[in-house]
Amino acid sequence: MARRYDDSDIEVLRAQLDRPVTERTCPLCGHLGLRSYHREKLGRTTPSMINYLWCSACHGYSSSFTAAERRTVDRDPLQDAYGDRVPELMRDPEGLLVILDGYWEDGRLPQAMIRRR
Ligand SMILES: [Zn+2]
């Protein structure tokens, strides 16, 4: 089942920030190779990004908000498939990660960060 990384897990992840996501190790189970998903969130005063980082082996995960600034993602398969239902999906982390694992395995993730036009 999905389990949110706690503060000490986040600390371990922070020490790996210089590595690509796929070369980071899960602080819960030791699996090498994490996954990421970014969702642009508009309709706020400043554009922001919701960021998921998770382990496909144990579904340890973190989710965070950052300012999007001038960055966006090249595609969002979750938005394409679920549209307005995405916020609902995000209330069920395990179900969400199963869907995102599917996108990762069929090549629709990871996304690329691009400059906003
Ligand atoms: Zn793990």
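**Group meeting: the sheet, helix 4 and the core**

Let me start with one pair of residues: Arg3 stands opposite Gly60, which is in strand 4. Before going on, I should say that this is a predicted model.

That pair belongs to the link between strand 1, residues 3-4, and strand 4, residues 60-67. Two bridges join these strands, and they run parallel.

Now the next link. How many bridges join strand 3 to strand 4? There are seven, and here the strands run antiparallel. One position to look at is Ile50, which has Phe65 of strand 4 opposite. Strand 3 and strand 4 also form a hairpin with four residues between the strands. In that hairpin, His59 takes a positive phi near 60°.

On to strand 2. Strand 2 and strand 3 run antiparallel and are joined by eight bridges. Ser36, for example, has Leu53 in strand 3 as its bridge partner.

Put together, this is an open sheet of four strands in the order 1-4-3-2, and the pairing is mixed. Which strands are at the edges? Strand 1 and strand 2 are, since each of them pairs on one side only. Helix 4 packs on this sheet and touches strand 2, strand 3 and strand 4. The direction of helix 4 makes about 105° with that of strand 2.

Next, the core. The largest nonpolar core has twelve residues. Among them are Tyr5, Cys26, Tyr61 and Leu109, as well as Leu34, Tyr37, Leu53, Trp54 and Cys55. Leu96, Leu97 and Leu100 are also in the core. Three elements give two or more residues to this core: strand 2 at 34-41, strand 3 at 48-55 and helix 4 at 93-105. Leu53, the bridge partner of Ser36, is thus a name you have now heard in both the sheet and the core.

Leu96 has contacts beyond its sequence neighbours. Leaving aside those within four places, Leu96 is in contact with Leu89 and Met90.

Last, a residue of helix 4, namely Ile99. Is Ile99 buried, exposed or partly exposed? Ile99 has 16 other C-beta atoms within 10 Å, so it counts as partly exposed. The cut-offs explain that: buried needs 20 or more such atoms, and exposed means 12 or fewer. With neighbours within four places in sequence left aside, Ile99 is in contact with Leu78 and Leu89. Ile99 and Ser56 are 43 residues apart along the chain, and their C-alpha atoms are separated by 11 Å.

Methods
Residues numbered from 1 in each chain as written. Predicted model: local features only at pLDDT ≥ 70, side-chain atom pairs only at ≥ 80, totals over all residues. Core = buried A, V, L, I, M, F, W, Y, C linked by C-beta atoms within 7 Å. Contact = placed C-beta atoms within 7 Å. Pairing = 2+ DSSP bridges. Axes fitted to C-alpha atoms, helices over the stretch in contact; angles between N-to-C directions.
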